[in-house]
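Here is a briefing for a reader who is meeting this structure for the first time. Please look through the sequence and the model, and then read the points below.

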Amino acid sequence: MMGYNNLWIVMVPMALCACTAHAQDKPATASPPRSPGVEAPAQRLPTDIRRVTLIVRDMETSLRLYRDVVGLQVNYDTVVETSGVALPAGEPGAKARLVLLNSNDPFIGWIGLMQWVSPPLPDPGPYPKRMGPGGTVIVMNTDDVDGRCAAAAKIRGVTMTAPPRMQEYPGRNGGPVIRVRGCNFFDPDGTLIEMNQILK
């Protein structure tokens, strides 16, 4: 579940948003980072996971987390008209602000943020503090887990569930133990983030 370049994002069960398709998007030519014990498929698989899109209450608060603290780069920021059907949220014809952010790869591992602005979505109230089926976890690998976790804890609406600590996982296919320092927190809309730093 972890990559070796900074901010490589891995996603576990979640809804992906295909609300925008850009003809100019092309697969990256550079090879993705490799994890010990994981070999590239002999033949290219039919699908890439492009991004996860999160529906947020307040765009500026979410940008303070994902852009300013996590360190992702904004590459797209616009207002789109939504059908309320393909992406079943909001009223037909409602307008939403869509911001896309990338990490190190120009094609995969992105995060999208969407906030309905006209009319806004109803406030769903406090998000659950325990996870269950249908929950979402985004796992990130970063360069300074202690500093970024401390900064994330200061964002309004972030709930820390575990401070930075050392963890060890069995190696893949008999490989060396995987050593990780990481923290966990809910973002301001209830998506759980696991932020890791891979150690030698």
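In this predicted model, the largest nonpolar core (buried Ala, Val, Leu, Ile, Met, Phe, Trp, Tyr and Cys residues joined through side-chain atoms within 4.5 Å) holds 25 residues, and the members touching the most others are Leu65, Tyr66, Ile111 and Leu113. At least two residues of this core come from each of several elements, including helix 1 (59-69), strand 4 (95-102) and strand 5 (110-118), and helix 1 gives the largest share, with 5 residues.

**Cores and contacts**
- A second core, separate from the other, has 9 residues, among them Val80, Ala94, Leu100 and Met114.
- Leaving aside residues up to four places away in sequence, Tyr66 touches Leu54, Gly71, Leu72, Leu101, Ile111, Leu113, Met140, Asp187 and Ile193.

**Helix 1**
- Buried residues (under 20% relative accessible area, 1.4 Å probe, protein chains only) of helix 1 include Met59, Leu63, Tyr66 and Val69.
- Just after helix 1, Gly71 adopts a positive phi of about 100°.

**Whole chain**
- The protein chain contains 2 helices and 9 strands, taken as DSSP runs (H or I of at least four residues, and E of at least two) and numbered from the N terminus.
- Of the 200 residues in the protein chain, 39% are buried.

**How the values were obtained**
- Residues are numbered from 1 along each chain as its sequence is written, and side-chain values use heavy atoms, without hydrogens and water.
- Local features need pLDDT of at least 70 and side-chain atom pairs count only at pLDDT 80 or more, whereas totals for chains, interfaces and linings use all residues.

Conventions. Buried means under 20% relative accessible area, exposed over 50%, partly exposed in between (1.4 Å probe, protein chains only). Contact means heavy atoms within 4.5 Å.
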